[in-house]
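Biologist: Please show me the model, and then we can go through one helix and the pocket beside it.

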Amino acid sequence: MYKGSSIIAIAPVFNEELKIGEVVRRVPRTVVDEVLVVDDGSTDGSVEVAQKEGASVISLGSTVGVGAAIREGYRYAVDNGFDIAVVMAGNNKDHPEEIPQLVEPIVQGNAGLVQGSRWLGEVGDLGEMPLYRRLATRLHPWLFNLISGGDMTDTTNGFRAASAKLLADPRLGLDQEWLDEYELEVYLLYKARKIGYTVVEVPVTKTYPSKDLGQTKMKPITGWWSILRPLFLLGLRIKR
């Protein structure tokens, strides 16, 4: 328990056997009660590495999408009575040591969803973040704020914390199939505010490795569209 709250850290994974072990090891166990790895149909040793490092593992059985993996992790968190669920990247870009600052606003009763922002405050070590990603991660918040009325600085960063109250709210609607990919992350950020929860940002670090170590599993065009699509569908009221 961290200040009276039970916390689970969730890492969706697809073929990250060289990185997921370090992710699990870096999670501060004085804060986090359980580390859950949700395997999105990996064909390498990701599951075995995660289990060896002490993580619980759920397998989707096939590759469905990162949104589906996160949704399964959220479902597990609610069903097992956790108060707060933190999602972090399975490819070691995030800094699990920063989990306390993500969960603190929820613990204090000041937020239902806490978004980590690499652009808030003093910018940390971005590593070898490609120029196009730097530009895209600046443009997306501008579009997001335009349709939502928000004031977010980083809307594509998956490192965030959510209260169980929010995740269990039937108005949230995460079980829609169109949210199976990256759409879920954008939708959650949008919908939480719309149904009355306080959404805040805190500064976090996101460090990109060198290209030879593999920087992302996101596919060009289809992956980018997956992140942009919710803005169009929600902005045009096609989805709610």
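Biologist: What distance does H3 reach from its first C-alpha to its last?
Modeller: This is a predicted model, where local features need pLDDT of at least 70, side-chain atom pairs count only at pLDDT 80 or more, and totals for chains, interfaces and linings use all residues. Residues are numbered from 1 along each chain as its sequence is written, and side-chain values use heavy atoms, without hydrogens and water. H3 is a helix (a DSSP run of H or I, at least four residues, numbered from the N terminus). With 14 residues, and 1.5 Å times one less than that number as the expected span, H3 is close to expectation at 20 Å.

Biologist: Which strands and helices do the buried residues of H3 pack against?
Modeller: Buried means under 20% relative accessible area (1.4 Å probe, protein chains only), and in H3 this includes Ile70, Arg71 and Tyr74. Strands are DSSP runs of E, at least two residues; contact means heavy atoms within 4.5 Å. The partners of these buried residues are S1, S2, S4, S6, H6 and H7.

Biologist: Which residue with a positive phi follows H3?
Modeller: The phi in question is near 75 degrees. The residue is Gly81.

Biologist: Is Gly149 buried or exposed?
Modeller: Gly149 lies in the loop between H5 and S6. Exposed means over 50% relative accessible area. At 64%, Gly149 is exposed.

Biologist: How far apart are the C-alpha atoms of Gly149 and Arg193?
Modeller: Along the chain, Gly149 and Arg193 are 44 residues apart. Their C-alpha atoms are separated by 9.8 Å.
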